[in-house]
Amino acid sequence: MRSLSSNQLGIQLVKEYGHLPLVECYAGQLNQVFMNLLANAIDALEEYDKERSPQEIYFCRSTIRIRTEVTDNEFVTIRIGDTGPGMTEEVRDRLFDPFFTTKPVGRGTGLGLSISQEIIVSKHGGQITCISAPGQGTEFMIKIPMRSHPLELTLAVPSCFG
Ligand SMILES: Nc1ncnc2c1ncn2[C@@H]1O[C@H](COP(=O)(O)OP(=O)(O)OP(=O)(O)O)[C@@H](O)[C@H]1O
Ligand SMILES: [Mg+2]
């Protein structure tokens, strides 16, 4: 039998999907937000694992947790959390600034979160917040009002998390 070395364990994905009603949204744009948050989480976890020992990686698996639920009978709430390195307060304060990135030149444009914020707040009347601290991982929370009624919207939040 072949045993897996720790760097072959990869990232564990935990899905906790609540029952969501159909919600009016710009589905393509929301997918762009989710993809950016997931790409950020993967980047953070991969970088973190380069610093962690095989034992640490084995006993504390790199994990991304996606949770969806209805909150306050009013919002569809989506949380994307990771067990990565977390962020300093300095990074957290600038997270949504256009062109803010800590990634090497050529890796990140620093636009992902500013575009995500624009999509959630301006296009959907929602909120995007982040809880993170060094060594504590990171969690982004998105809240989208279930009744926003802007024109041209498609019914699609549940299908993003089918
Ligand atoms: N899950 C996370 N864990 C730790 N740091 C994060 C996480 N998500 C974002 N960050 C920090 O926020 C910065 C800004 O993220 P953002 O998505 O806006 O840009 P980027 O990922 O650097 O570049 P782009 O998304 O344009 O490729 C990142 O460079 C990183 O420092
Ligand atoms: Mg990004």
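A residue here is buried if 20 or more other C-beta atoms lie within 10 Å of its own, exposed if 12 or fewer, and partly exposed in between, with C-beta atoms placed from the backbone. By that count, 23% of the chain's 162 residues are buried. What you have in front of you is a predicted model, where local features need pLDDT of at least 70, side-chain atom pairs count only at pLDDT 80 or more, and totals for chains, interfaces and linings use all residues. Residues are numbered from 1 along each chain as its sequence is written, while chains are lettered from A and ligands numbered from 1 in the order in which they are written.

Let's start with the overall layout. The chain has five helices and seven strands; helices (H or I, at least four residues) and strands (E, at least two) are DSSP runs, numbered from the N terminus. Going along the sequence, you meet them in the pattern β-β-α-α-β-β-α-α-β-β-β-α. Say two residues are in contact if their C-beta atoms, placed from the backbone, lie within 7 Å. Then, of the contacts in the chain with a separation of 6 or more, 69% join residues 24 or more positions apart.

Next, the inside. A nonpolar core is a set of buried Ala, Val, Leu, Ile, Met, Phe, Trp, Tyr and Cys residues joined through C-beta atoms within 7 Å. The largest one has 18 residues, and Val 33, Ala 41, Ile 80 and Ile 142 touch the most other members. At least two residues each come from helix 1, strand 4 (75–82), helix 4 and strand 6 (138–145), with helix 1 giving the most, six residues. Leaving out residues up to four places away in sequence, Ile 80 touches Leu 37, Leu 38, Ala 41, Ile 64, Ile 66 and Phe 140.

Helix 1 also pairs up with helix 4. Their axes come within 9 Å and cross at roughly 145 degrees; axes are lines fitted to C-alpha atoms, for helices over the stretch in contact, and angles run from 0 to 180 degrees between N-to-C directions. On the helix 1 side, the contact includes Val 33, Asn 36 and Asn 40, and on the helix 4 side Gly 112, Leu 113 and Ser 116 are among the residues. By class, there are six nonpolar, six polar and one charged residues. (Ala, Val, Leu, Ile, Met, Phe, Trp, Tyr, Cys and Pro count as nonpolar, Asp, Glu, Lys and Arg as charged, and the others, Gly among them, as polar.)

Those two helices turn up again around ligand 1. Its shell has 20 residues, and the closest are Asn 40, Thr 101, Gly 108, Gly 112 and Leu 113; a residue joins the shell if its C-beta atom, placed from the backbone, lies within 6 Å of the ligand. Helix 1 (27–51) and helix 4 (112–123) are the elements that give two or more residues, and helix 1 has the largest share, four residues. The shell splits into eight nonpolar, ten polar and two charged residues.

Finally, some single residues. Most residues other than glycine have a negative phi. Here are two with a positive value:

| Residue | Phi | Loop | C-beta atoms within 10 Å |
|---|---|---|---|
| Asp 72 | near 55 degrees | strand 3 (63–71) to strand 4 | 8, exposed |
| Phe 99 | near 70 degrees | helix 3 (89–94) to helix 4 | 10, exposed |

Glu 47 sits in helix 1 and is partly exposed because it has 13 C-beta neighbours inside 10 Å. The C-alpha atoms of Glu 47 and Pro 85 are 8.4 Å apart, although 38 residues separate them along the chain.
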